[in-house]
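Student: Please give a close account of the enclosed spaces in this structure, with the open pockets and the side-chain contacts set beside them. A connected description would serve best.

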Amino acid sequence: MISYHAFQLKNGLQVIVHPVDNTEMVFLDLMYKVGSFDDPPQQRGIAHFYEHMMFSGSTHIPDYPKATQDMGGKSNAYTAFDRTVYMMSLPKENLEAAFWLESDRLLFPQMKSDKLEVQRKVILEEFKQIRHSRPYGDIFDHLLDLSYVDPCYTYSVIGKELSDIENITLEDINAFGQNFYTPTNAVLVISGDISPAEVEPMVEKWFGEGKPSTVQRTRPPLRDETKRKGVEKSVDADVPANSLTYAYHIPSQLDKAHLPLALITTLLGQGASSNLHRVLVDEKGWAGNVMSACIDTFYGGLLLIQARLQEGVSYEEVEQVIQQEITTLQKEGIREEALEKIKNRQENQFDLYKNNLHGLNSMLASGHYLGDPLFSEKMFKEKLPTITSKEVQAAASDFLASKDVIKLYYNSRRKGTDKKE
């Protein structure tokens, strides 16, 4: 098992230290329990906007990226539906300086109107590049809008419309930060050739200010009535080929069915040896590529199956193959040889991710959110080997019912493709 030491500051900050031998670098990940699901109404995209603003300087650090680089470090961040994570790696001798950098923008943010406008331009350009310039760039937004009823679940992290970003004010940014960017709402993970004894006093010194706080959320619970099932949508776009996406609602990682469902995505559409790739791409030549994946959040998610159709191939032909594979799984389960193969693939992917220290930090922080920093390791090292064919079959029957599937037909306007009306 991964070794770690955890403690909590009086202001509520959760801290996890993971000692690693023989590395000259230290890796910090600070995860805030906030994402686009927490965007207030009329401020869609503000969680992602705030992430950008965190690189615009704080009270004592006017240029955060330069300060990090001057210490031989690198920094990055990302916003997801349910979390925002800030990552930093730098030489061990600069560990305390890293705490200074990260704590200053948490405890002493300095949001200015000129920096706001700079970041607004960056995000607007990013929005246009993703949604308007990149082929299939808005496909996930159409899918989310189709899959959920409550508005906070119906768009990706950057926002739903350009006007969302254009209308966010400095007052909005400050209010968002005061609510969500508190020590109580964060988990700090440090990995490197370090000991808890040397780290703990540094963390207390730099992060110890303030009192525990509460977070006010506007996000509605993700219940059955917030989900749409058995619906479909057709979209026309200037893309090279028709694309078909199936989606099914799935439970959170805490549910016993989650791991069997993850195995199903590997079986159906991950890699050249997967069932759908073998039939649709290799044997029939009906698709240029096929993929399947689970889009997970702490609250639930979607299982996706997606195929990019070859010219002249109908949606109905591809749908018959997909449904046949799912029906076979529901009626017959999975052969033991195939089950062991996809288990090994999942475990290997986990090991690769864990060997990247930022990936390991992320797992520890997310695991803490789910109740145990070792949640992922226990899932892949203890639970995964015990999964049976019957459990995979039951998960397919319970969550991949044909009456519940959400279908998105993404039609190419170009000649030679069959359009789904």
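**Cavities, pockets and contacts**

Tutor: In this predicted model, the count comes to two cavities of 30 Å³ or more. The largest cavity holds about 60 Å³ of space. Its lining is made up of F37, F81, L144, Y148, Y153, I295, T297, G301 and L302. By class, seven of these residues are nonpolar and two are polar, and no charged residue takes part.

The second largest cavity contains about 40 Å³ of space. I2, F350, M363, L364, P373, L374, S376 and E377 form its lining. Helices α13 and α14 each contribute at least two residues to that lining. The division by class here is six nonpolar, one polar and one charged.

From the cavities one may turn to the open pockets. The largest pocket has a volume of about 790 Å³. It is lined by 28 residues, and those closest to its centre are Q253, C294, D296, Y353 and F380. The elements that give two or more residues to this lining are α9 (258–269), β9 (287–296), α12 (336–355), α13 (357–369) and α14 (375–383). Helices α13 and α14 thus appear in the lining of the largest pocket and also in that of the second largest cavity. The lining of the largest pocket divides into 15 nonpolar, 10 polar and three charged residues.

The second largest pocket encloses about 440 Å³. Of its 19 lining residues, L267, N275, I334, R335 and A338 lie nearest the centre. At least two lining residues come from each of α9, α10 (275–283), α11 (315–332) and α12. Helix α12 gives the most, with five residues. Here the classes are five nonpolar, seven polar and seven charged.

The charged contacts come next. Across the structure the count comes to 21 salt bridges. One of them joins R44 and D164, whose closest N and O atoms are 3.0 Å apart. This pair links distant parts of the chain: R44 is in the loop between β3 (25–32) and α1 (46–53), D164 is in helix α6 (residues 162–166), and the two are 120 residues apart. With a relative accessibility of 24%, R44 counts as partly exposed, because the partly exposed class lies between the 20% and 50% limits. D164, at a relative accessible area of 6%, is buried.

A salt bridge also joins the side chains of R83 and D82, at 2.9 Å from N to O. R83 is buried, with a relative accessible area of 12%, and D82 is buried as well, with 2%. Both values fall on the buried side because that class covers relative areas under 20%. A further salt bridge brings together D372 and K378, with an N to O distance of 2.6 Å. K378 is partly exposed, its relative accessible area being 31%. In addition, D38, R217 and R219 are linked in a network of salt bridges.

The aromatic contacts complete the account. A search of the whole structure finds 19 aromatic pairs. Among them, F55 and Y64 form an edge-to-face pair, at 5.7 Å centre to centre and 85 degrees between the planes. Both F55 and Y64 are buried. F55 also pairs with Y86 in a tilted arrangement, at 6.2 Å centre to centre and 35 degrees between the planes. That second pair links distant parts of the chain, with F55 in the loop between α1 and α2 (64–70) and Y86 in strand β5 (residues 84–91), 31 residues apart. Y86 is buried, as is F55. The descriptions of the two pairs differ because planes over 60 degrees apart count as edge-to-face, whereas those that are neither over 60 nor under 30 degrees apart count as tilted.

F55, Y64 and Y86 belong to one aromatic cluster, which also includes Y32, Y50, F176, F180 and Y181. The ring of F55 has a charged neighbour too: the charged end of R105 sits over it, 4.7 Å from its centre. Likewise, the charged end of R308 sits over the ring of Y136, at 3.7 Å from the centre of that ring.

Note on methods
Residues numbered from 1 in each chain as written. Predicted model: local features only at pLDDT ≥ 70, side-chain atom pairs only at ≥ 80, totals over all residues. Heavy atoms only, no water. 1 Å grid on protein atoms, 1.4 Å probe; cavity = no way out; pocket = protein on both sides within 12 Å on 5 of 7 lines; lining within 4 Å. Points joined across faces, edges and corners; volume = space filled by probe spheres on them. Helix = DSSP H or I, 4+ residues; strand = E, 2+ residues; numbered from the N terminus. Nonpolar A, V, L, I, M, F, W, Y, C, P; charged D, E, K, R; others polar. Salt bridge = Lys/Arg side-chain N within 4 Å of Asp/Glu carboxyl O. Buried < 20%, exposed > 50% of the residue type's maximum accessible area, 1.4 Å probe, protein only. Phe/Tyr/Trp six-rings, centres within 6.5 Å; stacked < 30°, edge-to-face > 60°. Lys NZ or Arg CZ within 6 Å of the ring centre and 35° of its normal.
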